[in-house]
Amino acid sequence: MIHLIASDIDGTLLQGGQTRLDPALFDVIERLEQHGIRFAAASGRQYTNLRRLFAPVADKIDYICENGSLVISDGSVLYKQVIDRALGTKILRCMLEMEGCEPLLSGVMQCYVQPKDPAYADHMRYFVGNDVAVVEDLTAVPEPFLKIAAYFPDGATEEYRLRIAQAAGGTMRPVVSGMAWVDLLPQDCDKGTALAVLQRHLHINREETMAFGDNENDVELLRQAGLSYAMKTGNPCVLRLADRAADDVISELNMLLSELE
């Protein structure tokens, strides 16, 4: 029986440019809880962003944030992965010099930007919904570096990804997160590793876990679940990996609930 459901957000729960979750999802999460099934948001987004997005049920779900760099359950940090400051500084400087690239540095509760275009900070605040601090020098941020990402308004090409990987010197891996984002993660950090941390904490095994995703940064998440779904609009590599394909998450969860109620 399924006891834990983990779902990606952008491209999975939010499709076609949506910025707000379907309110029906909150009712589904409440019903899942009544059957002893936990729900986890698994995203490249920051923790405070996810809490706002899931506001009606924010205290009832678990969080895999920053593409697996941070895991929070019942308000407690279960896992946090940080980037070596010297390496992070080198990567940020490379991104700042790269034309068409806007770096993003994440801490636990907020992210930091050094905008080349002032519209970038507004995009992060008002479209993405992050808690954002504008700084004069990203490399001088005193908080530990939780995650580094690059935003490309005109699209994240393979050339950009290779340049970022070269700056990281093979010690980190760049993963595509949506059409415009490349996230840099330590080699041993991903949504699957984070899901395993949550599973151990909740005493739930892989076979009791269901996961939904759509893009390259969801591959390990789906592998860590006994039953995996890829969105039909998703990346071909995810569609090949997943057990099943789905049009939308809510319909699949309602089908699960119909078997229980």
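User: What is a left-handed crossing of two helices, and which helices of this predicted model have one?

Analyst: A crossing is left-handed if the near helix is turned anticlockwise from the far one by less than a right angle. In this predicted model, the axes of helix H1 (residues 24-34) and helix H9 (residues 249-260) come within 10 Å. The crossing that fits the left-handed description is that of H1 and H9.

User: Are H1 and H9 roughly parallel or roughly antiparallel to each other?

Analyst: Two packed helices are described by the angle between their axes and the distance between the axes. The axes of H1 and H9 cross at roughly 30 degrees. Angles under 35 degrees count as roughly parallel. H1 and H9 are therefore roughly parallel.

User: How many nonpolar residues does the contact of H1 with H9 have?

Analyst: From H1, the residues in the contact are Ala24, Leu25, Val28, Arg31 and Leu32. They meet Ile250, Leu253, Asn254, Leu256 and Leu257 in H9. By class, one residue of this contact is polar, one is charged, and the number of nonpolar ones is eight.

User: Which strands are the edge strands of the open sheet of eight strands?

Analyst: The strand order in this open sheet is E5-E4-E3-E2-E1-E12-E13-E14, and the pairing is mixed. An edge strand pairs on one side only, and this holds for strand E5 (76-80) and strand E14 (244-246).

User: Which residue in E4 does Tyr63 stand opposite?

Analyst: Strand E3 (residues 62-65) and strand E4 (residues 70-73) pair in the antiparallel sense, over three bridges. Opposite Tyr63, the residue in E4 is Ile72.

Conventions:
Residues are numbered from 1 along each chain as its sequence is written. This is a predicted model: local features need pLDDT of at least 70, side-chain atom pairs count only at pLDDT 80 or more; totals for chains, interfaces and linings use all residues. Side-chain values use heavy atoms; hydrogens and water are left out. Axes are lines fitted to C-alpha atoms, for helices over the stretch in contact, and angles run from 0 to 180 degrees between N-to-C directions. Helices (H or I, at least four residues) and strands (E, at least two) are DSSP runs, numbered from the N terminus. Angles under 35 degrees count as roughly parallel, over 145 as roughly antiparallel, 65 to 115 as roughly perpendicular and the rest as oblique. Contact means heavy atoms within 4.5 Å. Ala, Val, Leu, Ile, Met, Phe, Trp, Tyr, Cys and Pro count as nonpolar, Asp, Glu, Lys and Arg as charged, and the others, Gly among them, as polar. Two strands pair if DSSP finds at least two bridges between them.
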